[in-house]
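Thank you all for coming. Please take a moment with the sequence and the model before I begin, and then we will walk through the structure together.

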Amino acid sequence: MSAAMEIPESDIHFQKSKLPSITLLLAVFSAGIGGTFQYGYNVSIINAPTMHIQKFINETWNIRYSDDLDRGLLRFLWSAIVSMFTLGGSLGAWLGGHLAVRYGRKGTLLLTNIPVLIGSILMATSKPAGMFELLFIGRFLVGLHSGVSLCVQPMYLGEIAPKAVRGAICMGTSVFITVGILTGQIIGQRELLGGEGQWSILLCSSCIPAVLQLLLLPWFPESPRYLYIDKGEEMKATHALKKFHNTNSYLSELVDLEKECAVVRVQQSKRPCELLSDRSTRWQLITTVLMNMAQQFSGINAIYFYATYIFIQAGITEAYIPYATMGTGACECLAALCCSLLIERLGRRVLILGGYSLMALWCAAMTVTLTYQVSYFWMSYLTMTCLFAFILSFGLGPGGVTNTVTGELFTQSTRPAAYMISNSVNWISFFLISIVFPIIVEGLQQFCFLIFLAECLLGTLFIYITLPETKNKSFLDIEMEFRARNFKNKETESPNGAMMLPRSPKL
């Protein structure tokens, strides 16, 4: 028995600290700046140079074939450039879990900067080379990185954080996404890099966060859980715990780590197909998959689609619309920061249930205000208020909490595969809504929000029934809570009568 296991429980509770160490906070920054920041940034910057890139494609086509490009084909090529990011992200989500098991969490984050650097160079040279095809490859490679990062970064943050502040640390994933979106909106302004002559530099600028991460992240240890359970390197894991946590507060985390190791060390990391047929994680997987689907189908894309129209109706001139759009990015960023401060006080359930409930309310309100917007001049201002309220509710609830909960519902052997499945569902849902949404809006107009109202209410009901509170609980404790539901109250016991997790029977 290790020394950590012999420490009295009272001493362990005394040693717990709710304030994260400076090293831990710097590690979060180093992981986030080259991780999910890139996702938000690259989603955002592609909007500003739309007309300039389409003009470049048309001019390149004219030089090659001495004829203007058909308008329909131009629209198709532009949609394909935008969609390559989603395609790369879907592949990255599927690769992320495999890479995290083979190269470690930190190692994978560093490794995936390679496609970003290559993609940035290709997009930067597309204009001088007169080859718009390079944009397809560049966007695919950047999307590949984003898919891997959205899978591995929350895994890394969840495994290096003490459980007392795990929710707040894991919120770093969402905070960096929103900061990336806002930064992209600012850098993409025509006064900066959004002009016709600078769009290739704008697309290339994603190499800067990648370089920053390559310089900073190597100074921090690998995930202690990965070192201890997956690699069996106990000395390195203990050193990593001491570095991430305060010297006098790492012992309680070491106890939890040893308890989890005793249960899962006999199991190898599961592949997605094995996890899908594993009865011991059935309800955890159902919960995370449906939460990720609900996040995409919640109506947040409809809000951003209607934003320009709402701003124009409120009297904002077209020249100032980009600045008003920055307000939506700032609003979502503020919501993510508030969520990171509240998540350990209020818990995950309260935030996500409250978020979906408020989003349903704002969907109903916007259906009414958009319907009567022509009749009353003040309705446009009320609609704009509802728009920002919806974004705040999304950021405080599903936008911030979903990724955190996904990592908390699984132990070391199942977490990589769980992230692969849930993130793949998230990317596929994102792709489907981008295809179906324009059809829904064209057919239903403002009444499309009634569909999102129903989805938010169904999401609230499902989460209320299935999701337990995970605040300040170890990964093993959370999995134990799901045992009764997964096995219909059939528990197994060890020879000495201690409660044990079932050995993953098949369906």
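Leaving aside neighbours within four places in sequence, which residues is Ile-352 in contact with? In this model, which is a predicted one, Ile-352 is in contact with Met-291, Gly-397, Pro-398, Val-401, Thr-402, Ile-463 and Leu-467. I start with this residue for a reason that concerns the interior: in the largest nonpolar core, which has 57 residues, Ile-352 and Phe-449 touch the most other members. Helix H20, which covers residues 348-371, gives the most to this core, with nine residues. Apart from this core lies another, of 52 residues, and Ala-27, Ala-80, Ala-93 and Cys-151 are among them.

Let me now step back to the chain as a whole. The chain holds 25 helices and two strands, and of its 507 residues, 56% count as buried. The C-alpha trace spans about 80 × 50 × 45 Å along its principal axes. For a compact globule with 507 residues one would have a radius of gyration near 23 Å, and the chain, with 24 Å, agrees with that. If we take the contacts between residues at least 6 apart in sequence, 82% of them join residues at least 24 apart.

I turn next to the aromatic rings, where the count comes to 11 aromatic pairs. In one of these pairs, the rings of Tyr-39 and Trp-427 have their centres 5.7 Å apart and their planes at 85°, and because planes over 60 degrees apart count as edge-to-face, this pair is edge-to-face. Tyr-39 lies in helix H3 (residues 36-45) and Trp-427 in helix H23 (residues 415-444), so the pair ties together parts that are 388 residues apart in sequence. Both Tyr-39 and Trp-427 are buried.

A further pair is formed by Phe-56 and Trp-199, whose ring centres are 5.3 Å apart and whose planes are at 50°, so this pair is tilted. Since Phe-56 lies in helix H4 (residues 50-65) and Trp-199 in helix H11 (residues 199-204), the pair ties together parts that are 143 residues apart in sequence. Phe-56 is buried, with a relative accessible area of 7%, and Trp-199 is buried as well, with a relative accessible area of 1%.

Coming back to Tyr-39 and Trp-427, these two form one aromatic cluster with Phe-85 and Phe-430. Charged side chains also meet rings in this model: Arg-415 lies over the face of Phe-475, at 4.2 Å from the ring centre, and Arg-485 lies over the face of Trp-283, at 5.9 Å from the ring centre.

What about the cysteines? A search of the whole structure finds zero disulfides. Cys-170 is in no disulfide, and the nearest cysteine sulfur, that of Cys-339, is 11 Å away; Cys-170 is also buried, with a relative accessible area of 5%. For Cys-338, the closest cysteine sulfur is in Cys-339, at 8.8 Å, which is too far for a bond, and Cys-338 is partly exposed, with a relative accessible area of 30%.

One last residue, before we stop, is Asn-403, which is found in helix H22 (residues 398-408). Is Asn-403 buried or exposed? At 16% relative accessibility, Asn-403 counts as buried, because the cut-off for buried is under 20%. Not counting residues up to four places away in sequence, Asn-403 touches Leu-150, Pro-154, Thr-173, Tyr-419 and Asn-423.

Technical notes
Residues numbered from 1 in each chain as written. Predicted model: local features only at pLDDT ≥ 70, side-chain atom pairs only at ≥ 80, totals over all residues. Heavy atoms only, no water. Phe/Tyr/Trp six-rings, centres within 6.5 Å; stacked < 30°, edge-to-face > 60°. Helix = DSSP H or I, 4+ residues; strand = E, 2+ residues; numbered from the N terminus. Buried < 20%, exposed > 50% of the residue type's maximum accessible area, 1.4 Å probe, protein only. Lys NZ or Arg CZ within 6 Å of the ring centre and 35° of its normal. Contact = heavy atoms within 4.5 Å. Disulfide = S-S within 2.5 Å. Core = buried A, V, L, I, M, F, W, Y, C linked by side-chain atoms within 4.5 Å. Rg over C-alpha atoms; globule rule 2.2 N^0.38 Å.
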